[in-house]
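Visitor: Please take me on a close look at the salt bridges of this model, and then at the residues around them that deserve a careful description.

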Amino acid sequence: MDHSNHCKSKWRFKTQWMAFAFAVLSVFTFSCDDDEVVNKEGMAPSELRYAMVAEVYEGKAMESARPVVFSADKPNFEIVAGAAEENGVYLEDQFQIVDTTGVVKLKADNQLIAGKYFLDVKVSNKSGETVFPKAFELTILPSAIEGLQYSPSTQVLVRGNADSKSSVPVFKGSKPVTFALTEETDFEIDTKTGVISLPADSEIDAGTYKLSVKAINVADTTDFENVITIQVETKAYDLVYSPQQYMEVQQKQAKQSTEPTIKGTAPITYSLKEDFGAFVIDEKTGLISLPAGHALDINTYNLTVVVTNAHGSVEFANAVSFGIVEIKAILPSDLQYANASYAVNEGFAFATEVPTVSGSTPMTFALADNYGAFDIDANTGVISLVEGNALAIGTYPLTVNATNLKGTATFDNVISISVKAAVEEQVFEDGWDGVSPAAGEKRLGNMVEYSSIEIPVQASNNKWTRGWGNWTVLDKEGNSARGAVMIPQKTENDDWLIAPSVDLTSYVRSKLYFSGYSKYGIDDSTLKLYVSEDYSGNPETATWVEVAFDQLPTTSPAQDREVDLSQFDGKSVTIALRHESRLAEGLTVDKFTRTHFILHFEVKAFKK
């Protein structure tokens, strides 16, 4: 029989019958004033009646209707005793009564279990007092489980540790409760307490698991999905060196294993139980190394790796084996560099590619004669020169010795290095020589102009009287020559003269050479030099690096300026002269504007 449904049906029947009887009684025997009190002068309270409560579930709040009582004046109500039947257990202080109205209350989360409860209520007035046995009757029905929680919601269980268990869950609802896991899993749950654990022989993988719990009581069966997250932690297991667990190595040769795979809770550390005086293991990665020149005899060495984490240490016997065999080295042969000869600028740095060579490894390289300047990497065979070396102009044939376990092979004149005089090449030039002004055209050769504030203005003689444009500039001898002139026309301005594409990818020791002068105004620091690596047509969206230079003279003729651009060697860049004048405290446009005259603008560098 479903106890819950049986109790509910029984309770509904009683409620309906009592409500009907009470209604009839109230009509034919008495009537009530606003306080639901029948006033009989000089009488102690009598005939206390409560309407039946419809249904109350275990742990839920309840509040009765106001009762009816015969009383000569305002009555006072008090619970004097209580009792329980049908498995109920009466507890003091769980019921409360409002002394002025007689309303009986139960708070939410009260401790009363399912059953039938009776209250003896005392009612007093000025004429006396009366105790009404079992005046209030309440049936509490079993409540389904709700609000099941594990605290914290994420907990750690250690595989193989019998004492590693979850906390006891808290919940609301009728007891006793039977707990079960909703899905088949390695985890176990105590059916009486709800505590979750792992059997000692479980082989579940370390990781995160979400569990759902089913709670069953007399009222109902309730599922709580993903009610707890279990972080399973373990000692280390499944250590595997792949693809080789056995490695063959010749006497005195170096050898290295792969990094192993491992399961278990991180962080973990590795060590060797026995290193045989030669093997080394990386404690973080587990990679095992045998250095060159070791003294191990011909034999097979089985290594036991010890893996340790917070839960203990585990030994993995014969995790990897090294077989030391007799030397079968082949003498170095056929040493070749990508190019048999190279040309190098005098005093420049230089390095070859890694050469190819046949023969047994490991192998080392040395130069028979380094001419006091060449160097060779003993491990790779790369031949190099440092920047600023003092080698004289000439040709240098180099002989390389290659050595392995078998012996040394000499490769005579395997490569030739020619040192030549360094010649500075022109990478960029302005291109405005011999170009005359023209209507509507800037005539700035290989350079472009950009104005971010004012619109450039051209006069009737084709001279640009605002912004950058082609016009006459006085050279160092005071003669007229073609150049670029920037006239701010006594107004705020921001004008750029741009060399948009200067390719230095194959060059070193790059330099900018330009000359010019300025006139008029009092501010001679308005011309700036900038370099950008991301210019794409609009200087306002590019990233610029300011490069310092000595300011141009404030009178003609032109003076030369040389600017080191080596920080941009190997890159493709944009170079710009920027004239910007802004109003500020103490300055007016009549005072700060200055016209700039640029005679020439070119970039030179040395080919790598």
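Guide: What follows starts with the salt bridges and then turns to buried positions, surface patches and backbone details.

The model is predicted, so local features are reported at pLDDT of at least 70 and side-chain atom pairs at pLDDT 80 or more, while totals for chains, interfaces and linings use all residues. Residues are numbered from 1 along each chain as its sequence is written, and side-chain values use heavy atoms, with hydrogens and water left out.

Side chains of opposite charge can pair when their charged atoms come close. With a salt bridge taken as a side-chain nitrogen of Lys or Arg within 4 Å of a carboxyl oxygen of Asp or Glu, a search of the whole structure gives 17 of them. One of these joins Arg-578 to Asp-494, with 2.8 Å between the closest N and O atoms. This pair ties together distant parts of the chain, since Arg-578 belongs to strand S47 (residues 572-581) and Asp-494 to strand S42 (residues 493-503), 84 residues apart; strands here are DSSP runs of E with at least two residues, helices are runs of H or I with at least four, and both are numbered from the N terminus. Both Arg-578 and Asp-494 are buried, where buried means under 20% relative accessible area, exposed means over 50%, and partly exposed lies in between, for a 1.4 Å probe and with protein chains only.

A second pairing brings the side chains of Glu-137 and Lys-116 into a salt bridge at 3.5 Å, N to O. Here too distant parts of the chain are linked, with Glu-137 in strand S10 (residues 128-141) and Lys-116 in strand S9 (residues 115-125), 21 residues apart. Lys-116 counts as buried, at 7% relative accessibility. In the salt bridge between Arg-443 and Glu-441, the closest N and O atoms are 2.7 Å apart; Arg-443 is partly exposed at 29%, and Glu-441 is partly exposed at 40% relative accessibility. Glu-78, Lys-122 and Glu-129, in turn, are linked in a network of salt bridges.

Strand S42, the strand of Asp-494, also holds Asn-493. Asn-493 is buried, at 0% relative accessibility. Leaving aside residues up to four places away in sequence, Asn-493 touches Ile-453, Glu-454, Met-486, Pro-488, His-579, Glu-580 and Ser-581, a contact being heavy atoms within 4.5 Å. The C-alpha atoms of Asn-493 and Ala-162, by contrast, are separated by 81 Å, with their positions 331 residues apart along the chain. Ser-510, in strand S43 (residues 507-519), is likewise buried, with a relative accessible area of 0%, and its contacts beyond four places in sequence include Leu-504, Val-563, Asp-564 and Lys-604.

The surface offers charged and nonpolar groupings. Patches are made of residues with over 30% relative accessible area and no salt bridge, like charges being joined within 9 Å and nonpolar side chains (Val, Leu, Ile, Met, Phe, Trp, Tyr) within 5 Å. Asp-186, Glu-188, Asp-201 and Glu-203 gather in a patch of negative charge; Lys and Arg count as positive and Asp and Glu as negative, with His and the chain ends not counted, and the place of a charge is NZ of Lys, CZ of Arg, CG of Asp or CD of Glu. Within this patch, Asp-201 sits in the loop between strand S16 (196-197) and strand S17 (207-216) and is exposed at 65%. A nonpolar patch is formed by Val-89, Leu-91 and Ile-113, which together have about 210 Å² of accessible area, as given by the Shrake-Rupley method with a 1.4 Å probe and, for residues, only the protein chains shown as cover.

The backbone has its own details. The peptide bond from Ser-151 to Pro-152 is cis, with omega near -5°, and Pro-152 lies in the loop between strand S11 (146-149) and strand S12 (154-158). A cis bond also joins Thr-361 and Pro-362, with omega about 5°. Asn-226, although not a glycine, has a positive phi of about 45°; Asn-226 belongs to strand S18 (residues 221-233).
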